[in-house]
Amino acid sequence: MNVRVRLFAILRERAGRDAVEVELEDGATVADALRELARLPGLEEPIARMPVRMAVNREYADAGTRLGPEDELALIPPISGGAAAVHAAVSEEPLDANELQRRVADPGAGAIVCFQGVTREVARLDYEAYREMAERRIATILAECVERHGLLGAAAEHRVGAVPLGEPAVVVAVSAGHREEAFAGAREAIDRIKAEAPIWKREVEADGEERWVEGAAAPEPEVSS
């Protein structure tokens, strides 16, 4: 079977395109796909050097996951996420922290915590995302934070494209009955979004020098016992 694999960030640049196709046997696994991808021009070196992961239908998959011709596949380089209201978005538009705070406002809230991650030290940061998967992952993270910390609302938005010095690249807002739950929920949400959402950043200096920011390997999927 012939499968199409989406590429992002440094992998896209090395391959010179945003997707590649590989020929696999019926019943092939993620491990088989990775072996074939490592043979393609431009991908052999980064795949050998970096802890890449495969996403299947917008979820991280392990090496033994079997693939089908209709699956949506993506190669993920290291990354530079109840009944309560949950909002997640990835957008090219400037972020509005006040709007996110309004989204999580609740009559029962005794605390609203808002975190903004802003660009510093460089002229700008260029962000790239596997947008559909990133929004889904962020929404999952927020829902889990709501359940774990008893939040009344949770919202997060991440910007893509060019983010100038001093402007927010990510905003997280949560509400809860008490400040302890609100602080804990906001901290877990931003930490997990930075670790789990497939979003990459490239630093651009005032003189035009650019470099992709090294990140951590994408998380391993949970295995059911």
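This passage describes a four-stranded sheet, the helices packed on it and two cysteines in a predicted model. Local features are reported at pLDDT of at least 70 and side-chain atom pairs only at pLDDT 80 or more, whereas totals for chains, interfaces and linings use all residues. Residues are numbered from 1 along each chain as its sequence is written, and side-chain values use heavy atoms, with hydrogens and water left out.

The sheet is open, with strand order 6-9-11-7 and mixed pairing (strands are DSSP runs of E of at least two residues and helices runs of H or I of at least four, numbered from the N terminus; two strands pair if DSSP finds at least two bridges between them). Strand 6 (85-91) and strand 7 (111-118) occupy the edges; each has a single partner strand, so one side of each lacks a neighbour in the sheet. From one strand to the next, the twist averages 5° (axes are lines fitted to C-alpha atoms, for helices over the stretch in contact, and angles run from 0 to 180 degrees between N-to-C directions). Eight bridges join strand 7 to strand 11 (residues 168-176) in the antiparallel sense, and V118 stands opposite P168 in strand 11.

Helix 4 (residues 97-104) lies across strands 6, 7, 9 (153-159) and 11, at about 25° to strand 11. Helix 5 (residues 131-149) packs on the sheet, touching strand 6 and strand 9 (contact means heavy atoms within 4.5 Å), and its direction makes about 155° with that of strand 6.

The whole structure contains zero disulfides (pairs of cysteine sulfur atoms within 2.5 Å). The sulfur of C114 is 15 Å from the closest cysteine sulfur, in C145, which is too far for a bond. C114 is partly exposed, with a relative accessible area of 29%, whereas C145 is buried at 1% (buried, under 20%; exposed, over 50%; partly exposed, in between; 1.4 Å probe, protein chains only).
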